[in-house]
Structures are given as C-alpha cells and as structure tokens.
Amino acid sequence: MRAFAEIDIAALKANLATIKARAGASRVMAVVKADAYGHGLLPCARAAQEAGAQWLGVALLEEALTLRSAGIKSRVLAWLCPPGSDFDEALRQDIDISISSHELLIEVIDSGKRVGVRPRVHLEIDTGLSRGGVLGSLDLLVEELKIAQDNKMIEVVGAWSHFARADEPGEAMNQEQVERYRSALQTLLNAGLKPPIHHLSNSAALFSIPDGKFEMVRTGIALYGLSPENKNLGSSEDLGLIPVMTLKAKLYLVKELPKGSTVGYGAIGKVDRETVIGVVAMGYGDGIPRNADSSVGIFVGGRRAPIIGRVSMDQFVVDLGADSTVKAGEIVTVFSGGLQGEYTADDWAKACGTINYEIVTRIGPRVPRISINDKPADT
Ligand SMILES: *Cc1c(COP(=O)(O)O)cnc(C)c1O
C-alpha cells in the first residue's frame with residue numbers, strides 16, 4: 001500500500017476506559033462525527049460501544065444513518081440537521097434529533113405524525129458559543145416543547161449546550177456558561193419539563209471543569225488519544241491517553257541530491273550540502289497540509305527526516321541525510337504516538353498553525369484505515 005493509517009483499536013478502548021473513569025457516574029457519548037475524526041466511523045463506533053460508551057454522537061443525519069445501516073443499535077444523537085433534512089428516515093431509524101429553533105421543532109413534529117413515531121429530541125441551548133442553540137426565544141420554545149410533549153407529539157430526552165473555552169481552564173467564561181446552562185434548565189423545570197439527560201461537557205471540559213459533567217459527557221478528541229490542548233491541559237501522556245492513529249506512507253524514490261539543489265514548487269527548499277532525499281508518496285491530496293514546514297517530516301530507520309520544500313498534491317520530499325541507507329519502497333511513519341521519536345499529530349499541528357483535531361480529521365479518503373490490535377489474535 002502506498003499510504004495508510006493504522007487505527008489502534010485497543011488504544012481507543014483504553015482511552016474510553018480512561019474517559020469513563022473520569023466521567024464517574026455520568027454516561028459517555030462517543031463522538032464519531034466526521035468519520036470518527038478521520039479514524040473511520042464504523043470500527044471506531046463499534047470499539048467505543050464495546051468499551052462501554054452508552055451513546056454515539058454525530059453532527060450529520062447521514063452519519064447517524066450510516067451507523068444504523070451497519071446494524072449499530074445504540075442511542076445516536078445528531079446535532080446538525082438543517083431544515084429540510086430527512087427527518088422521516090431519522091425517526092424510522094430511531095435517531096435522536098437536536099433542536100435549536102421553532103422551525104426545526106415544527107418539521108420534526110410533522111415528520112413524527114407522518115411516520116407514526118414519537119420523535120426523541122434534545123434541546124440545544126446557546127450559553128455563549130453563539131453557534132447552534134436557542135438564545136433569545138428560549139422561553140417560547142420551551143413552552144412549545146412542553147405543549148408538544150403533553151400532546152405526545154415529541155419526547156424531550158435531553159437539554160444540552162457546548163463550551164467555547166473549555167480548553168482554557170482558568171477562563172471565567174466557563175463558569176458563566178455553566179451558570180447560564182443551569183438557569184436554562186431551571187426555565188425548563190419551571191415549565192414542567194425535566195429531560196432525563198443533561199449534557200454539557202466535551203473532552204476538554206471533562207478534564208478541566210468538574211461541575212460540568214451532568215448526566216452525560218460528549219467526548220471526541222480524547223477518545224482518539226489526543227489532548228484537547230497540550231499547553232493548558234497537558235499532553236496525551238499527561239492525560240493518560242494513547243494516540244489511536246499512526247499515519248504511514250511508502251518512499252516512492254530515494255536519490256542523492258547535489259549541494260545547492262532546490263526542491264519542489266517555487267524552489268523554496270534548498271540543500272546546502274550533498275544529501276540523500278526521499279520522495280514520500282503522500283501529499284495535500286491525502287490531507288497533508290501544504291503549509292507544513294521543515295519542523296516536521298517522517299521517521300524512518302530510527303531517525304527523523306524533515307521536509308524539504310513545499311508539500312505537493314501527491315508527494316513531499318524529505319531529507320534523509322547524506323549517510324542514509326534507507327531504500328525506496330520502505331514504509332515510513334508520518335506521525336504516531338511518538339514513543340520512538342516519531343513526529344506526532346501535535347508536532348504536525350504546530351508546524352501547520354492548526355490543532356491536532358484538524359490534522360487527523362483531514363486525512364482523506366485516498367488513505368485506507370487499517371484496524372490493528374482489534375480482536376485478540378486466534379491461536
Ligand atoms: C465535536 C463535538 C464534541 C466533541 O468535542 P471534543 O473536543 O472532540 O471532545 C462535543 N459536542 C459537540 C456539540 C461537538 O460538536
């Protein structure tokens with residue numbers, strides 16, 4: 001294989017155990033949106049379930065339906081279903097739907113009538129992120145929810161919100177959001193609504209905001225073994241997490257390059273001594289950011305080889321060093337947990353001015369995901 005991502009299922013399960021221990025009495029929703037942050041939706045969803053995640057969380061309805069088509073039966077919440085979504089199919093497939101507005105509520109109620117199913121809804125409350133969630137019309141929407149529930153047209157299962165700065169534990173905004181959330185729950189209670197599942201925390205909040213847990217936590221990045229924020233919350237290792245994805249690629253070509261050569265488009269890479277370069281068969285067409293610089297590269301033969309020049313669509317060039325004995329066709333590590341000195345997703349994020357979430361999530365469909373350490377080997 002030209003390039004592939006190894007997905008360490010045992011690591012994912014161990015991460016879920018760490019999350020569960022942190023969550024205490026709260027249930028765990030494994031967030032598997034965006035193809036499980038690039039790790040592969042179905043194997044990750046199944047592993048998370050096997051390790052004890054009671055719920056699965058996705059953004060899109062299509063993602064929820066994919067889970068159902070694969071025979072996954074657990075509770076699934078989809079929180080980004082715009083007006084006009086196929087709510088009929090969502091209800092037939094027993095998917096919980098998040099509601100942020102009157103318009104969405106009406107559509108879901110209409111679908112429920114058509115399909116003959118009582119929709120299970122979660123009310124999203126905007127407590128300061130100013131993204132999804134009801135804000136000014138909370139009282140009105142809560143009244144409507146109460147009437148609809150009394151008329152058996154819906155079941156209000158959850159009420160939830162989302163933090164803006166949970167990766168900055170000292171920020172006053174976190175406590176403000178908890179308070180706004182509590183006050184919104186009081187509004188529901190006053191109207192006679194007590195949804196059984198309140199949920200507020202993401203991975204960062206799980207590690208940093210003890211009173212944010214409520215009945216359920218929604219964890220994504222921690223499940224994949226990455227820290228939500230290395231500086232403020234600590235590294236994967238500090239948090240007891242094991243990175244799940246190892247990205248590997250083959251060397252297409254290895255050759256000597258004379259001193260003074262330039263490398264790649266724009267000739268921005270220069271070698272000031274004779275060296276051996278490796279052409280890695282992977283590029284921005286696979287999700288390797290084009291703006292990666294020489295502070296990252298690959299790991300092969302027990303050492304790092306940094307990028308020279310610009311990443312192109314299908315390949316990038318690394319400096320293997322003049323004394324390198326590495327051969328074309330060898331498989332190199334682009335990133336991994338870093339235990340042997342490999343670059344990590346965090347190193348790549350730093351080199352590219354982004355976060356580890358984006359590095360793993362953007363690895364594209366040309367890169368097969370290979371589950372490893374799945375079932376104990378048959379003997
Ligand atoms: C993506 C997402 C999460 C998971 O966030 P992590 O930081 O990856 O734990 C939780 N809740 C919502 C609403 C999300 O969109």
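In the predicted model, the area buried between domain 1 and domain 2 amounts to about 750 Å², and carbon and sulfur atoms give 59% of this area. The assignment places domain 1 at residues 9–224 and domain 2 at residues 245–372. Nine residues of domain 1 and eight residues of domain 2 are in contact. No ion pairing contributes across this boundary, the count between domain 1 and domain 2 being zero salt bridges. Taken over C-alpha atoms, the centres of domain 1 and domain 2 are separated by 38 Å.

The C-alpha trace of the protein as a whole spans about 80 × 45 × 45 Å along its principal axes. The secondary structure consists of 13 helices and 18 strands. Of the 379 residues in the protein, 52% are buried. Among contacts between residues at least 6 apart in sequence, 66% join residues at least 24 apart.

Aromatic side chains were examined next. With ring centres required to lie within 6.5 Å, the count comes to five aromatic pairs. One of these is formed by Phe316 and Trp348, whose ring centres are 6.2 Å apart; their planes meet at 70°, and the pair is therefore edge-to-face, the cut-off for this class being over 60 degrees. Phe316 belongs to strand β16 (residues 316–319) and Trp348 to helix α12 (residues 345–352), so that the pair links distant parts of the chain, 32 residues apart. Both partners are withdrawn from the surface under the criterion of under 20% relative accessible area: Phe316 is buried at 1% relative accessibility, and Trp348 is buried with a relative accessible area of 0%.

Ring pairs also link Tyr37, Tyr224 and Tyr357 into a cluster. A further aromatic residue, Tyr343, has a charged partner: Arg304 lies over the face of the Tyr343 ring, at 4.1 Å from the ring centre.

Backbone geometry was considered at two aspartates. Asp35 is not a glycine, yet has a positive phi of about 55°. Asp35 is located in helix α2 (residues 33–38) and, at 38% relative accessibility, counts as partly exposed. Asp94, likewise not a glycine, has a positive phi of about 60°. In contrast to the helical position of Asp35, Asp94 occupies the loop between α5 (87–92) and β5 (96–99). The relative accessible area of Asp94 is 35%, which means that Asp94 is partly exposed, since this class lies between the buried limit of 20% and the exposed limit of 50%.

A further loop position, Ala51, was examined for its contacts along the chain. Ala51 lies in the loop between α3 (41–50) and β3 (55–58). At 22% relative accessibility, Ala51 counts as partly exposed, because burial requires a value under 20%. Ala51 is in contact with Lys13, Leu16 and Lys20 when neighbours within four places in sequence are left aside. For Lys13, the C-alpha to C-alpha distance to Ala51 is 5.4 Å, although 38 residues separate the two in sequence.

Notes. Residues are numbered from 1 along each chain as its sequence is written. Side-chain values use heavy atoms; hydrogens and water are left out. Rings of Phe, Tyr and Trp (its six-membered ring) pair if their centres lie within 6.5 Å; planes under 30 degrees apart count as stacked, over 60 as edge-to-face and the rest as tilted. Helices (H or I, at least four residues) and strands (E, at least two) are DSSP runs, numbered from the N terminus. Buried means under 20% relative accessible area, exposed over 50%, partly exposed in between (1.4 Å probe, protein chains only). A charge sits over a ring if NZ of Lys or CZ of Arg is within 6 Å of the ring centre and within 35 degrees of the ring normal. Domain bounds come from an automatic or database domain assignment. Contact means heavy atoms within 4.5 Å. Buried area is the accessible area (1.4 Å probe) that two parts lose on being put together, summed over both. A salt bridge is a side-chain nitrogen of Lys or Arg within 4 Å of a carboxyl oxygen of Asp or Glu.
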